[in-house]
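Q: Hey, got a minute to walk me through this one? I'd like to go piece by piece.

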Amino acid sequence: MTYNIARTVLSSILAAPDKEVVEDDHRALSRRTLFANVIHRIETLTSCNVGVEDFVVVFCDRGMSFWIDLLALWVIGARPICLESNVEPVHGENVKKLTDVKFISSSPIAPPAVFSELTALPDIDFDAVPELLGALSLKSFPFVQDPDSDLAGLIFTSGTTGLPKGVPLTHTMLVQNALGTATRLGLRPNDKLMIATPFRFISSISHFIVTLLSGATFYGTEDKLMAADLIDRLGAKHITSFGGSPFHAGMISRTNIDTLPHLRWLMSSGDHLPVDVIDRLHNAFPNIKINTVYGMAELAGRFCCLPPEFVKEHKGSVGYPISGLELVLLNDEDEECEYNEIGALYARGTIAFPGYYKNAAANEKVMTPHGFKTGDVGYFDTSGFLHLSGRSDSVFKRSGLKVSSQVITDAILALNLFDDVIVLSREDAIEGRVPVAYAASQDSSLTKGGLLRQLRPHLANNHLPKALIYLPTIPRTGSGKVDRRKLYALVEALPK
Amino acid sequence: MENIDVTETVRQMLIEEFGLDEGLKPDTLLFSSNLLDSLNSIEVISLVEAKMGVRISPLDVSLDDFDSVERITATINRLK
């Protein structure tokens, strides 16, 4: 059976044509006007000779236009490459090399130099879209379902350990993951779900699809929001359901039901949801449904979900896999773990990850006979619920975003400032985990600010160390690995 | 503390804690210009509380109140 994700989404919103379905910070579209905009966009795409199997760079940071582009491209069997507008030139070059892309939809944002030779598609003029009369019908759309090519587009990993890797999204994976997730999450048609994460993230795309499949209304913002802004927005938009990171959940837990009387449902993904945040949320919103979710781009959305009815009993767990996915935990001997035994986490099933796009070196590391090696480690509790313990490599999550301590260490070493340096993560009450740089040097006059100033041109904001700690030496084992026990003993011995 | 001292204390704090340029101007936009991201916002609030002795509920301030040194100074003065 072949799928088209746009057919699945659009077929779920045929009824009640005047119901609001998608909103951004500039406009709200009813189902009817969404259909009209997608039809109009398809006409534009075809007039620009965009067709089946064509790759098209699609920038987020453009609000509603991003979602219209996705649906229109999917309908005609083209393949969106979802990128943020401040894409690094080296990343852009790699995208071109991998895909032979010829089109870009970035307007009103000017295409960056790295994509200057691509054909720029015109901006979506929402005021110029002809009105769509009568009942909504799928016959308005020239769906392409190519049995030989299931590829629905590409998204890219965060690139914490090098160049971002292309993750192929297939129509089958998107449809099956969305259906499995929608069944589990229990959004209702009268819900209005808000996200405040970049639209190019698989989490945002999954929320968009699942919300529409559930018959609910989707509101997405790409504005930067502090806690007060987020709370204001949730209240002003009468949001019933919020999907975000544990960082967002922490913000919401600091208000209460008197401020946000409509909020009844919350989904946290991206990282472990701390127990104290769960407790605060339950105190502040006694009847709130909390869904803690574990997902990843490689699986086209969600992997595991802990339904609300289990949250109080299994705080800290991410539950069990959605339909179509199976998880396996293996110990160092490649044997399946017992309950409470920590092991490496593999994913397999009918929504299996096909491998990174044209990246044999990366695939060799993660595509195994046991399934896709996620890089995460965890354990099953005695009820069979999964608990995440961290990453098996140097990657950790800071405020829900992946950070590589190895990348930071390499960047500091390249500055040639210290005799030796190592970056490790430590727990942080606000951000989950944060990077700390430990440096050995004869000269300890360089301050943290001075170090960060030199790192800023090379590292993303979330990779900047939270602290710089000088030590007499970085203790290492015979093989050169950092001896963490001795290092922490040195830290303890430092004058307070 | 005089207003000029508050401004300079906030400016130095941002330079040292976040590695911002030493020539940071009081009206340079911090979040809108992507020098800082929203994940830094809670840390900025915590630092202002610790260094300036004011109590700030994250729910009482918006990004706009913290988007430059001079706006942070004004927010501190408002909350004192």
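**Hairpin, helices and the rest**

A: Sure, and keep in mind that this is a predicted model. Let's start with a hairpin: β21(A) and β22(A) form it with two residues between them, and S399(A) in the turn has a positive phi of about 50 degrees.

Q: How many bridges hold β21(A) and β22(A), and in which sense do they pair?
A: There are four bridges, and the pairing is antiparallel. One residue to look at is V395(A), whose bridge partner in β22(A) is S404(A).

Q: OK, moving on to helix α12 of chain A. Which residues are buried there?
A: In α12(A), which covers residues 405-415, the buried ones are S405(A), V407(A), I408(A), T409(A), A411(A) and I412(A).

Q: And what do those buried residues pack against?
A: The hairpin strands β21 (395-398) and β22 (401-404) of chain A are among the partners. The others are β23 (420-428), β24 (432-440) and α13 (448-455), also in chain A.

Q: What does N416(A) do just after α12(A)?
A: N416(A) takes a positive phi, about 55 degrees.

Q: Switching to the largest nonpolar core: how many residues, and which have the most contacts inside it?
A: That core has 163 residues, and V56(A), V57(A), L71(A), I81(A) and I209(A) have the most contacts inside it. Helix α3 of chain A, residues 64-75, gives the most to this core, with ten residues.

Q: What does V57(A) touch?
A: Leaving out residues up to four places away in sequence, V57(A) touches I81(A), L83(A), V95(A), V101(A), I104(A), S105(A), F115(A) and L118(A).

Q: I209(A) was on that core list too. Which helix contact is it part of?
A: I209(A) is on the α6(A) side of the contact with α5(A), along with S206(A), V210(A) and L213(A). From α5(A) you get L174(A), N177(A), A178(A), T181(A), A182(A) and L185(A). By type, the residues of this contact split into seven nonpolar, three polar and no charged.

Q: At what angle do α5(A) and α6(A) pack, and how far apart are the axes?
A: Helix α5 (residues 171-185) and helix α6 (residues 202-213) of chain A pack at about 65 degrees, with their axes 9 Å apart. The crossing of α5(A) past α6(A) is right-handed.

Q: Now sheets. What's the strand order in the open one with nine strands?
A: In chain A it goes β2-β1-β10-β9-β11-β12-β13-β14-β15, with mixed pairing. The edge strands are β2 (28-30) and β15 (320-321), each pairing on one side only.

Q: How does β1 of chain A join β2(A)?
A: Through three bridges, with the two strands running antiparallel. E20(A) stands opposite S30(A) in β2(A).

Q: One residue I'm curious about: R348(A). Buried, exposed or partly exposed, and why?
A: R348(A) counts as partly exposed because 17 other C-beta atoms lie within 10 Å, while buried would take 20 or more. Its place is in strand β17 (residues 343-349) of chain A.

Q: What is R348(A) in contact with, leaving aside neighbours within four places in sequence?
A: E326(A), V328(A), G371(A) and F372(A). Also, the C-alpha atoms of R348(A) and H370(A) are separated by 7.5 Å, with the two residues 22 apart along the chain.

Q: Last thing: how many residues of chains A and B are in contact?
A: 21 residues of chain B contact 24 residues of chain A. On the chain B side, α1(B) gives the most, with four residues. That side of chain B divides into ten nonpolar, five polar and six charged residues.

Note on methods: Residues are numbered from 1 along each chain as its sequence is written. Chains are lettered from A and ligands numbered from 1 in the order in which they are written. This is a predicted model: local features need pLDDT of at least 70, side-chain atom pairs count only at pLDDT 80 or more; totals for chains, interfaces and linings use all residues. A residue is buried if 20 or more other C-beta atoms lie within 10 Å of its own, exposed if 12 or fewer, and partly exposed in between; C-beta atoms are placed from the backbone. Two residues are in contact if their C-beta atoms, placed from the backbone, lie within 7 Å. A nonpolar core is a set of buried Ala, Val, Leu, Ile, Met, Phe, Trp, Tyr and Cys residues joined through C-beta atoms within 7 Å. Two strands pair if DSSP finds at least two bridges between them. Ala, Val, Leu, Ile, Met, Phe, Trp, Tyr, Cys and Pro count as nonpolar, Asp, Glu, Lys and Arg as charged, and the others, Gly among them, as polar. Axes are lines fitted to C-alpha atoms, for helices over the stretch in contact, and angles run from 0 to 180 degrees between N-to-C directions. A crossing is left-handed if the near helix is turned anticlockwise from the far one by less than a right angle, and right-handed if clockwise.
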